[in-house]
Amino acid sequence: MELIYHYCSLETFVQIIKNKTIRLSDLDKTNDYMEKRWGMELLQEDYWYSKDSHNHIEQLNHDIERYLKHQTLIACFSLESDQLGQWRAYGQDGEGIAIGFDYSYLKHLLRKQDRILIDKVVYGKGEQAKLIRKKMFVPALEYMRDLFQRSVVKCSNDFNTFFIEEFDCFCEVLDTTTEQVFTFLKNPAFEEEREVRIVYNTGIYEEIETCELKETINEKIEIGKKKELILQPIQYQAKGNRLVAYADLSFENCIDKMIQEIVI
């Protein structure tokens, strides 16, 4: 059994146990301004293959920036049960609690979800580049090759020419995996945190229609055959001069399997 630890104050610990929920909060309101954008440099390094691709990279950046502005909610954990930096930053300077959740069980429950994900954060640039190639470029290129083969009428029988002409299709496929990958990439300076995240890609964006926004905010997501996890509708709380979105993930129906250790 592999455990992940959520460091918190004693007050927050009481609320988690009392309400049997994990709170997912707005990723854009964290103290790391590079959240979701750390992967952009690596993406450009991989895609920049000649001076002629300049217009393409601008288009790609524009499309991905639009996706990165989608609202993302996260809950953070660590693989370490007794990490000094975590105690200082999140565990009430050592007077709080670290709650040990069953990582394997959470992965099992969330394995079929496409908007609620759980995974380890990747810090090393080499590993980050591999992840971008594996989960973003390879599927997008495979889609383009399949499209090339299936197209009865096409601009050219040369794949490279076809790729350039149909570049919008490539961007669309790449865009769909942006949030799923970039939310798990962080600056190597944070590596000692050994972070694991639950990520909820809400789909809320700046130009969203009011009716769609209402539907998304009020959405309740039930997970597991026995509804072991239930993601409650999005709510907002005031923090200083900002409204911060959050959604509570209820584990009331599986608390005995979820929490395996308490570290004081």
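Trainee: What separates Arg 150 and Asp 146 in helix α6?

Mentor: About one helical turn, because the two are four residues apart in that helix. Helices here are DSSP runs of H or I with at least four residues, strands are runs of E with at least two, and both are numbered from the N terminus. Bear in mind that this is a predicted model, where local features need pLDDT of at least 70, side-chain atom pairs count only at pLDDT 80 or more, and totals for chains, interfaces and linings use all residues. Residues are numbered from 1 along each chain as its sequence is written, and side-chain values use heavy atoms, leaving out hydrogens and water.

Trainee: What makes Arg 150 and Asp 146 a salt bridge?

Mentor: The term calls for a side-chain nitrogen of Lys or Arg within 4 Å of a carboxyl oxygen of Asp or Glu. Arg 150 and Asp 146 meet at 2.7 Å, N to O, so the pair fits. By this rule there are 10 salt bridges.

Trainee: How do you know that Asp 248 and Arg 23 form one too?

Mentor: Their closest N and O atoms are 2.8 Å apart, so they pass. Asp 248 sits in strand β10 (residues 242-250) and Arg 23 in strand β2 (residues 21-26), so this pair ties together parts 225 residues apart in sequence.

Trainee: Why is Asp 248 called buried?

Mentor: Buried means under 20% relative accessible area, exposed over 50%, and partly exposed in between, using a 1.4 Å probe and protein chains only. Asp 248 has 14%, so buried it is. Arg 23, at 37%, is therefore partly exposed.
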